[in-house]
Amino acid sequence: MSRPPATPSNPSFGPEDDGAAGRENGPHAPVARPRPVTVLSAVVGAEATALLAAAAWYGFQLVAGAPVLSFWGAVFTLALLLAFASWLYAVAVFLYRGFRWPRAGALVAQLFVLTIGFPTLTGGYPVAGLAMLVPAAVGIVLLFDKRVIQFASRAAGSPPAL
């Protein structure tokens, strides 16, 4: 059995096309990226950037000779900060591309931010606490948006499922 061509010579555009001219319809047609996916990816990317900035500040303090109880414990903490920042960048990029697996990683990251943000807010740092809580709350709400779930349903190596 032969496969149909990847780009048919006469694609049909219907009313479900949503005004996205130039895209083909069919089972392997590209799906338009909804705005909530872009916002969610930006929130996760901003959190990764903040974590990277914290790692840079922590590394600078470590090199500058700030007192620590355990030097190797501080190096391990720095490595964890860098690893988590790179993981969050990967989550943001693959969410933006429409993969399924980053939704769980983004949810876990938002829950961790909430568990740090509430004590920060109530511990006398309201600006820092709100700077953590507001993006995390927006991220959690957007993770359960039906457009995000519909778009981010692609398994690795396959076109978007919906």
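## A friendly walk through a five-helix model

Ala106 sits in helix H3, and this tour of the predicted model will come back to that residue.

User: How many helices and strands does the protein have?
Analyst: Let's start with the overall plan of this predicted model. Read along the sequence, the pattern is α-α-α-α-α. The secondary structure therefore comes to five helices and zero strands.

User: What share of the 162 residues is buried?
Analyst: A residue counts as buried when its relative accessible area is under 20%. Taken over the 162 residues of the protein, the buried share is 30%.

User: Of the contacts between residues at least 6 apart in sequence, what share joins residues at least 24 apart?
Analyst: Contact here means heavy atoms within 4.5 Å. Among the contacts that link residues at least 6 apart in sequence, the share joining residues at least 24 apart is 59%.

User: Is Ala106 buried or exposed?
Analyst: Ala106 belongs to helix H3. Its relative accessibility is 0%, and the cut-off for buried is under 20%, so Ala106 is buried.

User: Which residues does Ala106 contact, leaving aside neighbours within four places in sequence?
Analyst: One partner can be introduced through the backbone: Ala106 and Leu95 are eleven residues apart along the chain, and their C-alpha atoms are separated by 8.7 Å. Leu95 is also in contact with Ala106. With neighbours within four places left aside, the contacts of Ala106 are Val44, Val91, Leu95 and Leu143.

User: Which residues have the most contacts inside the largest nonpolar core?
Analyst: The largest nonpolar core has 15 residues. H1, H2, H3, H4 and helix H5 (146–151) each supply at least two residues of this core. Those with the most contacts inside the core are Leu40, Val44, Leu88, Val91, Leu95 and Ala106.

User: What does Leu40 touch, not counting residues up to four places away in sequence?
Analyst: Leu40 is among the residues with the most contacts inside the largest nonpolar core. Not counting residues up to four places away in sequence, Leu40 touches Leu95, Gly139, Leu142, Leu143 and Val148.

User: How many residues are in the second core?
Analyst: This core is separate from the largest one, and its members include Val113, Leu114, Ala136 and Ile140. The number of residues in the second core is five.

User: What distance separates the end C-alpha atoms of helix H3, and why does it agree with the expected span?
Analyst: Helix H3 runs over residues 102–122, which gives 21 residues. The expected span is 1.5 Å times one less than the number of residues. For H3 that span should be 30 Å, so it agrees with the distance between its end C-alpha atoms, 30 Å.

User: Which helices do the buried residues of H3 pack against?
Analyst: The buried residues of H3 include Pro102, Gly105, Ala109, Val113 and Gly117. The helices that the buried residues of H3 pack against are H1 (35–64), H2 (71–97) and H4 (126–143).

User: Is Thr120 buried or exposed, and which residues does it touch?
Analyst: Thr120 is found in helix H3. At 16% relative accessibility it falls under the 20% cut-off, so Thr120 counts as buried. Not counting residues up to four places away in sequence, Thr120 touches Tyr125, Ala128, Gly129 and Met132.

User: Which residue with a positive phi follows H3?
Analyst: The phi of this residue is near 105°. The residue that follows H3 is Gly124.

User: Which element gives the most to the nonpolar patch on the surface?
Analyst: The patch is formed by Phe76, Leu80, Phe84, Trp87, Val108 and Phe112, with about 600 Å² of accessible area together. Two elements, H2 and H3, give two or more residues to this patch. Phe76 is found in helix H2, and at 52% relative accessible area, over the 50% cut-off, Phe76 is exposed. The element that gives the most, with four residues, is H2.

User: Which side chains meet in a salt bridge?
Analyst: Side chains of opposite charge can pair when their charged atoms come close. The structure holds one salt bridge, with an N to O distance of 2.9 Å. One partner is buried at 17% relative accessibility, while the other is partly exposed at 43%. The side chains that meet are those of Asp145 and Arg147.

Definitions and conventions:
Residues numbered from 1 in each chain as written. Predicted model: local features only at pLDDT ≥ 70, side-chain atom pairs only at ≥ 80, totals over all residues. Heavy atoms only, no water. Buried < 20%, exposed > 50% of the residue type's maximum accessible area, 1.4 Å probe, protein only. Core = buried A, V, L, I, M, F, W, Y, C linked by side-chain atoms within 4.5 Å. Patch = residues over 30% accessible without salt bridge, like charges linked within 9 Å, V, L, I, M, F, W, Y side chains within 5 Å. Areas by Shrake-Rupley, 256 points an atom, 1.4 Å probe, with all protein chains shown as cover. Salt bridge = Lys/Arg side-chain N within 4 Å of Asp/Glu carboxyl O.
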